[in-house]
Amino acid sequence: MTRHFLLLSLLFFASTLSRLISTVTAGYASGDASGDTDFIRKSCNATLYPDLCFSSLSRYAASVQRSPGGLARVAVAVALAKAHGAAAYLSHETAAAVDEDSGDGAGAAVHDCFSNLEDAVDEIRGSLKQMRRLRPDEDSGSLRFGVSNVLTWMSAALTDEETCTDGFEGVEEGPVKTSICNRVTRVKKFTSNALALVNCFAKNL
């Protein structure tokens, strides 16, 4: 049952990521792949995890081209897909924790983490919707207001993800704790990178 659930989660994650990226990058024309890749590498230097940033976003260079807004949108979409995948995994672990709660606090930590991650998914999803609504030809005030909302929501998502892992500080070490914390810590890196790229976009408005 567990392997079956994880397989379905992985397939769902891959499908979600594919749909999100194809939707976000639709309409971009292909350009100079080398120059576009260099643009992404340089942009990723503004993030806390530049290597992860580049490895996860460089494949979309031809679609993003050299658009700070386009790169920020794709980064948010990737962060959403990663958070969604982790939430799917946590939903299974939450059910298992309820059935196997040993009274050591692990069950409560897993449940709270899942709740926090659900909030993060909602906030990143809202951020992506807002990014997709932005139009270069709209007045600068409206554009800045929209991006400000995205910065607020992405910051809140990162806080929720950090709260998730913080909740395991008093829990005894074990495979469930390690697995969840490793997964969510990786999600935090994608969210952090996306937030940094949105912030770079905001500074250029």
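The following exercises, with worked solutions, concern helix packing and internal space in a predicted model.

**Exercise 1.** Determine how helix α6 and helix α7 pack, and which residues in α6 meet α7.

*Solution.*
Step 1. Two packed helices are described by the angle between their axes and the distance between the axes.
Step 2. Helix α6 spans residues 106-133 and helix α7 spans residues 140-166; they pack at an angle of about 165°, and their axes lie 8 Å apart.
Step 3. Angles over 145 degrees count as roughly antiparallel, and α6 and α7 are therefore roughly antiparallel to each other.
Step 4. The crossing of α6 and α7 is left-handed.
Step 5. On the α6 side, the residues that meet α7 are Cys113, Asn116, Leu117, Asp119, Ala120, Glu123, Ile124, Gly126, Ser127, Gln130 and Met131. Their counterparts in α7 include Gly146, Trp153, Met154, Asp160 and Cys164.
Step 6. Sorted by class, the contact of α6 with α7 has 11 nonpolar, seven polar and four charged residues.

**Exercise 2.** Establish how many cavities of 30 Å³ or more the structure holds, and describe the lining of the largest cavity.

*Solution.*
Step 1. Rolling a probe the size of a water molecule over the atoms shows where empty space is left.
Step 2. The structure holds one cavity of 30 Å³ or more. The space in the largest cavity is about 40 Å³.
Step 3. Its lining consists of Cys53, Ser56, Leu57, Ala75, Val78, Phe190, Asn193 and Ala194.
Step 4. At least two residues of this lining come from each of α3 (50-57), α5 (68-100) and α8 (175-203).
Step 5. By class, the lining of the largest cavity has six nonpolar and two polar residues, with no charged residues.

Conventions
Residues are numbered from 1 along each chain as its sequence is written. This is a predicted model: local features need pLDDT of at least 70, side-chain atom pairs count only at pLDDT 80 or more; totals for chains, interfaces and linings use all residues. Side-chain values use heavy atoms; hydrogens and water are left out. Axes are lines fitted to C-alpha atoms, for helices over the stretch in contact, and angles run from 0 to 180 degrees between N-to-C directions. Helices (H or I, at least four residues) and strands (E, at least two) are DSSP runs, numbered from the N terminus. Angles under 35 degrees count as roughly parallel, over 145 as roughly antiparallel, 65 to 115 as roughly perpendicular and the rest as oblique. A crossing is left-handed if the near helix is turned anticlockwise from the far one by less than a right angle, and right-handed if clockwise. Contact means heavy atoms within 4.5 Å. Ala, Val, Leu, Ile, Met, Phe, Trp, Tyr, Cys and Pro count as nonpolar, Asp, Glu, Lys and Arg as charged, and the others, Gly among them, as polar. On a 1 Å grid over the protein atoms alone, a cavity is a set of points where a 1.4 Å probe fits but cannot get out, and a pocket is an open set with protein on both sides within 12 Å along at least five of seven lines; lining residues have an atom within 4 Å of a point. Grid points are joined across faces, edges and corners, and a volume is the space filled by probe spheres set on the points.
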